[in-house]
Amino acid sequence: MSKKIAIITINYNDKEGLKKTIDSVISQSWQNFEFLVIDGNSTDGGKVVIQQYESHLDYWISEPDKGVYNAMNKGIRAAKGDFVLFLNSGDVLHDKDVLEKVNASINNEYGIYYGDVIIKKPNSERHKKYPDVLSFSYFYTGALCHQSCFIKRSLFKEYFYYNEEYKIYSDGEFFIYTICGKNVPYKHLDLIISDYDFTGISSNPKYSAIHDSERMQTIAKYFPLFAEDYKVLSKLNSKRTQQLFYIEKFPFAWKFLKGFLNLILVFLPKPKK
C-alpha cells in the first residue's frame, strides 16, 4: 500500500545542504511518509552522506543525470506515494510538526496542495505567503514554489513529467498547464511548509532572462492567444508601473505627475490609433 506523501530530495555536490535537509525530514513528529534521495553522482562526498542515512530512506540512487528536472523526474518515477513534495538539498521543513499538519489536511479532493515558505538568503529571510485563489494573470509574473507544494503523483502520468529541455521553468510550466489549462483543483494550506534555500540557479539574477524566455515559450505553446497579453501585462506589472499606481493614491503627487507627463507629451508625436 502506497503512503500518502513522498518526499523527494535531489542533490548534486552539496553534502552539507543534504545533511541539513535529511535531518529536517527524519526529525518530523509524523513519520509515515516515503523518503527518496536522487543524487547526481556527487564528487564531494554526498554519496557517503546518503549511505550514512540509508536506514531512513525508502529509495536512493547516485548516478549521473541530465540536470535538475531529469533528477526530479527520476524521483517521481521511483516514488510510490500519492502526493510528492520536492525538498532539495539545503531546503528544510519549517518545523517538526509540518508533515503531521499536512497529513491531516490533504486528501484526494484536490490535485495540488500548496502552503507558504520562508525564503532564506545568506543575510535575510522573508515569509512568502501565496494567494488562496490562483489566476492565469498570477502566473504571468508569479509562480508556486515546489518546496511548498504537494502534487498528486498521478498528474505527472496523466499530463506530462517535467520538461527536461528547460533549465528553470519546468515546474512553472507544469503548474500553469495543469491549473489554468486543465482546471486541476487546488487548495492553499495556511501554514509554512519549508524554509527555501534561495541560493540556487532559479534565484540567481543572471538566469532571469532564461526564466522569462522559458515562461514565454510555455505560454506560446499552451496558451498562444494570450501571448500578446503577456507582453502587455508584463509591462503593467513592472516596477515602474507599480510605482505609478502607488503615486496615484496621493492626489497632490498624482496631479503634479499628470501635469508633468502632459508637458512631455506636447513635445512628442501623437500616437497612432
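This passage walks through the overall build, the cores, the salt bridges and a few individual residues of a predicted model.

The protein has 273 residues, of which 44% count as buried. Its secondary structure comprises eleven helices and nine strands. The C-alpha trace spans about 75 × 40 × 40 Å along its principal axes. About 15200 Å² of surface is accessible, and carbon and sulfur atoms account for 55% of that area. Contacts reach far along the chain: among those between residues at least 6 apart in sequence, 75% join residues at least 24 apart.

In soluble globular proteins, nonpolar side chains tend to be buried together. Here, the largest nonpolar core contains 44 residues, and the members that touch the most other members are Ile8, Leu144, Ile151, Tyr162 and Phe175. Apart from this core lies another one of 26 residues, including Val25, Ile50, Leu57 and Phe150. Returning to phenylalanine 175, its contacts beyond four places in sequence are Ile112, Phe139, Leu144, Cys149, Ile151 and Cys180. Two of the names in that list, Leu144 and Ile151, also appear among the best-connected core members.

Helix H3, covering residues 68–78, offers a helpful view of how the interior is packed. Eight of the eleven residues in H3 are buried, leaving the helix mostly covered. The buried positions are Tyr69, Asn70, Ala71, Met72, Asn73, Gly75, Ile76 and Ala78. Their cover includes four strands, namely S1 (5–11), S2 (34–39), S3 (59–62) and S4 (83–86), together with helices H6 (154–158) and H7 (170–181).Charged side chains come next. Side chains of opposite charge can pair when their charged atoms come close. The structure holds eight salt bridges. One of them joins glutamate 16 and lysine 19, with an N to O distance of 3.8 Å. Both residues belong to helix H1 and sit three residues apart, about one turn of the helix. Lysine 19 is partly exposed because its relative accessibility is 28%. A further salt bridge pairs lysine 120 with glutamate 125, whose closest N and O atoms are 3.5 Å apart. Lysine 120 has a relative accessible area of 33% and is therefore partly exposed, while glutamate 125, at 53%, is exposed.

Lysine 129 and aspartate 190 also form a salt bridge, with 2.8 Å between the closest N and O atoms. This pair links distant parts of the chain, 61 residues apart: lysine 129 lies in the loop between strand S7 (124–128) and helix H5 (136–141), and aspartate 190 lies in strand S9 (residues 186–197). Lysine 129 counts as partly exposed at 47% relative accessibility, whereas aspartate 190 counts as exposed at 62%. Together with Asp116, Lys129 and Asp190 are linked in a network of salt bridges.

Glutamate 214 presents another situation. This residue lies in helix H8 (residues 208–222). Glutamate 214 is buried but has no salt bridge, and the nearest side chain of opposite charge, that of lysine 167, is 6.9 Å away. The cut-off for a salt bridge is 4 Å between a side-chain nitrogen of Lys or Arg and a carboxyl oxygen of Asp or Glu, so a separation of 6.9 Å does not qualify. Even so, lysine 167 is in contact with glutamate 214, as are Tyr166, Ile168 and Tyr169, neighbours within four places in sequence being left aside.

Two partly exposed residues show how sequence separation and spatial separation can be set side by side. Lysine 15 is in helix H1 (residues 15–26) and counts as partly exposed because its relative accessibility is 31%. Beyond four places in sequence, lysine 15 touches Asp44, Gly45, Gly46 and Val49. Between lysine 15 and leucine 244 there are 46 Å from C-alpha to C-alpha, with a sequence separation of 229 residues. Serine 105, in helix H4 (residues 98–105), is partly exposed with a relative accessible area of 29%. The C-alpha atoms of serine 105 and leucine 189 are 7.8 Å apart, although 84 residues separate the two in sequence. Leucine 189 is also touched by serine 105, as is Tyr113, not counting residues up to four places away in sequence.

Finally, nonpolar side chains are found on the surface too. Phe260, Leu261, Leu263, Ile264, Leu265, Val266, Phe267 and Leu268 form a nonpolar patch there, with about 810 Å² of accessible area together. One of these residues, isoleucine 264, belongs to helix H11 (residues 251–266). Isoleucine 264 counts as partly exposed because its relative accessibility is 36%.

Definitions and conventions: Residues numbered from 1 in each chain as written. Predicted model: local features only at pLDDT ≥ 70, side-chain atom pairs only at ≥ 80, totals over all residues. Heavy atoms only, no water. Helix = DSSP H or I, 4+ residues; strand = E, 2+ residues; numbered from the N terminus. Buried < 20%, exposed > 50% of the residue type's maximum accessible area, 1.4 Å probe, protein only. Lys, Arg positive; Asp, Glu negative; His and termini not counted. Contact = heavy atoms within 4.5 Å. Patch = residues over 30% accessible without salt bridge, like charges linked within 9 Å, V, L, I, M, F, W, Y side chains within 5 Å. Areas by Shrake-Rupley, 256 points an atom, 1.4 Å probe, with all protein chains shown as cover. Core = buried A, V, L, I, M, F, W, Y, C linked by side-chain atoms within 4.5 Å.
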